[in-house]
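Okay, thanks for waiting while I got the screen working. Let me put the structure up and we'll walk through it together.

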Amino acid sequence: MKKELATEINIIKTETEANIEITIPPDLFWFQGHFPTQPVLPGVTQLNWVLGYAQKLFNFNLSISSIEVVKFQSPILPNDHLKLTLIWDKDTQKLKFTYSFITKYNNNKIASTGKLTLCQ
């Protein structure tokens, strides 16, 4: 059976911010048929994980009202090691996210960023 989620390594959370360290298993369901010669994690999957982690870690049941901005800067591939940073602003109901690569040589390379407006 293929996996649907990344493998969590570590989660550090405050009331408004979370940093989730993950690895991307090569057998993810999301890689099926998505660029067969070089599997790439789809952007819609990245957004789905952002919302799922936000609901779980910030303990709310909100959904996406609008996508203010999303920028995909570098593809996420099987076996990549990443940090997903979530910043929640309860007053404006805005959720900012950043997927950044964790490597020996470059811990600041960005895979994707965005800002979502959430609603009930």
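Let's start with a side chain: which residue does Lys 56 meet in a salt bridge? The partner is Glu 8, with N to O at 3.4 Å. Keep in mind that this is a predicted model. What I like here is where the two ends sit. Lys 56 belongs to helix 1, residues 43-58, while Glu 8 is in strand 1, residues 7-13, so the pair links parts of the chain that are 48 residues apart. As for solvent, Lys 56 is exposed, at 52% relative accessible area, and Glu 8 is partly exposed, at 37%.

The count comes to two salt bridges, so here's the other one. Glu 68 pairs with Lys 94, and their closest N and O atoms are 2.3 Å apart. This one also links distant parts of the chain: Glu 68 is in strand 3 (residues 63-72) and Lys 94 in strand 5 (residues 94-101), 26 residues apart. Both are partly exposed, Glu 68 at 40% and Lys 94 at 24%.

Now the sheet. It's open, with six strands in the order 1-2-4-5-6-3 and antiparallel pairing. Strands 1 and 3 stand at the edges with a single partner each, so one side of each has no neighbour in the sheet. From one strand to the next, the twist averages 15 degrees.

Further in, strand 4 (residues 81-89) runs antiparallel to strand 5, and eight bridges join them. Trp 88 stands opposite Leu 95 of strand 5.

And back to helix 1: it lies across strands 1, 2, 3, 4, 5 and 6, running at about 120 degrees to strand 5.

Key:
Residues are numbered from 1 along each chain as its sequence is written. This is a predicted model: local features need pLDDT of at least 70, side-chain atom pairs count only at pLDDT 80 or more; totals for chains, interfaces and linings use all residues. Side-chain values use heavy atoms; hydrogens and water are left out. A salt bridge is a side-chain nitrogen of Lys or Arg within 4 Å of a carboxyl oxygen of Asp or Glu. Helices (H or I, at least four residues) and strands (E, at least two) are DSSP runs, numbered from the N terminus. Buried means under 20% relative accessible area, exposed over 50%, partly exposed in between (1.4 Å probe, protein chains only). Two strands pair if DSSP finds at least two bridges between them. Axes are lines fitted to C-alpha atoms, for helices over the stretch in contact, and angles run from 0 to 180 degrees between N-to-C directions. Contact means heavy atoms within 4.5 Å.
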